[in-house]
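Here is a short briefing on how one protein chain is packed. Look at the sequence and the structure first, then read the points by topic.

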Amino acid sequence: MVHSCLRSPMPNSELQRINFFLSAFARRQAARIADLPGGFAVYDDAFAHSRANNQVIIDTAVDSEALPAIAEEALGHLPHRLISVLDDEVGMACAELLIRAGYTHSAYLVMLHAGPVPAAGPAEEVDLDAIRIPLARRWRGLLPDVDDEVIRHLVDRREARRGGADVVHFLGARTEEGEVASWADLYLDPATGIAQIEDLITSEAHLRRGYADAVLTTALSLAADKDCGTRFLTADATDWPRHWYERRGFSVIGHSHCFERS
């Protein structure tokens, strides 16, 4: 008997639109795409050490028993395996089998901004060079044992994101000395009214000084100015930032799942 991850229609139309946006973004920023049963694989040889740029994305129903083999065929030339499953029900149905196959499982929250749009904070659009040093420092702290090429890929991959949406902004809040203390990406699709805030990060030396609030409020204000009524982000289901976002008007409307294996 074939065991499938069955997908029922999602009742939340906002979540459907967001998942479609996430799927389209992944396709648009990829250097190469391979369609697969239940989804597709994305590749970018320029950032071979970036799992996010070389992964399998499942965005519809899939045979759970076939999924490990699908991922192996798609990613077998890489030292890692990453499978992102956008639909909660599909992800939960596939979890047990993938864990038995050696994958670790992480759940992520899809959080929608439902509060009033705040006035823009004192953040501004910056280029990648402005955040390159603090971003590399942050990655080095998280991954102290990797070589410089890995860090470079994790920093420079941000440039590929410019192709993922119609409008892409890198936003940063600076210290009085001009250093970018906190930063994030903002992806806008004015035609569909969707905006995503991604990778909001603050340098450890500048935590709890309001820099992240400045970036977040600026992102929300810019999204509203472009008539993007669906403003969302994703957050680790087990980490503290989800509560920080909730205090700023975000609420959980769905879940996605990631499965990783070295």
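The points below go through the nonpolar cores, the aromatic rings, the strands and two buried residues. The model is predicted. In its largest nonpolar core there are 28 residues, and a second core, apart from that one, has 26.

**The largest nonpolar core**

- Within this core of 28 residues, the members that touch the most others are I18, F21, I131, A165, W183, Y187 and F232.
- Two or more residues of the core come from each of these elements: the helices α1 (13-29), α4 (128-142) and α5 (148-156), and the strands β3 (39-43), β7 (104-113), β9 (167-174), β10 (180-189) and β11 (194-202).
- Helix α1 gives the largest share, which is six residues.
- In soluble globular proteins, nonpolar side chains tend to be buried together.

**Helix α1**

- Helix α1 is 17 residues long, and its first and last C-alpha atoms are 24 Å apart. That is close to the 24 Å expected at 1.5 Å a residue.
- Its buried residues are L15, I18, N19, F21, L22, S23, F25, A26 and Q29.
- Two of these, F21 and F25, belong to a cluster linked by ring pairs, together with Y187 and F232.
- R27 sits over the face of the F40 ring, 4.0 Å from the ring centre.

**W183 and R158**

- Beyond its neighbours within four places in sequence, W183 is in contact with I131, P134, L135, R158, L171, G172, D199, L200, I201, S203 and V215.
- One of these contacts, R158, is found in the loop between α5 and β9.
- Is R158 buried or exposed? R158 is buried, because its relative accessible area is 3%, and the cut-off for buried is under 20%.
- With neighbours within four places in sequence again left aside, R158 is in contact with L128, I131, L135, F170, W183, A184, D185, E198 and D199.

**The second core and the aromatic pairs**

- The second core has 26 residues, among them M111, A181, A212 and F250.
- The count of aromatic pairs comes to five.
- One of the pairs is W244 with Y245, arranged edge-to-face, with 5.3 Å from centre to centre and 80 degrees between the planes.
- W244 counts as buried because its relative accessibility is 13%. Y245 counts as buried at 9%.
- Y245 also pairs with F250, again edge-to-face, at 5.8 Å from centre to centre and 70 degrees between the planes. Both Y245 and F250 are buried.

**Strand β6 and its partners**

- Why is strand β6 (residues 81-85) largely enclosed by the rest of the structure? Five of its five residues are buried, so the strand is largely enclosed.
- R81, I83 and V85 point one way from β6, while L82 and S84 point the other way, and all are buried.
- Strand β4 (residues 55-58) runs parallel to β6, and three bridges join them. Here I57 stands opposite S84.
- Strand β13 (residues 250-261) runs antiparallel to β6, and five bridges join them.
- Between β6 and β13, R81 stands opposite R261, and S84 stands opposite C258.
- β13 also pairs with β7, which runs antiparallel to it and is joined to it by ten bridges. V110 stands opposite G254 in β13.

**L98**

- L98 lies in helix α3 (residues 88-100).
- At 0% relative accessibility, L98 counts as buried, because buried means under 20%.
- Which residues is L98 in contact with, leaving aside its neighbours within four places in sequence? They are L67, P68, I83, Y103 and F259.
- One of those contacts, I83, is among the buried residues of β6.
- The C-alpha atoms of L98 and E260 are separated by 9.2 Å, while the two residues are 162 residues apart along the chain.

Definitions and conventions. Residues numbered from 1 in each chain as written. Heavy atoms only, no water. Core = buried A, V, L, I, M, F, W, Y, C linked by side-chain atoms within 4.5 Å. Buried < 20%, exposed > 50% of the residue type's maximum accessible area, 1.4 Å probe, protein only. Helix = DSSP H or I, 4+ residues; strand = E, 2+ residues; numbered from the N terminus. Contact = heavy atoms within 4.5 Å. Phe/Tyr/Trp six-rings, centres within 6.5 Å; stacked < 30°, edge-to-face > 60°. Lys NZ or Arg CZ within 6 Å of the ring centre and 35° of its normal. Pairing = 2+ DSSP bridges. Expected span 1.5 Å × (residues − 1).
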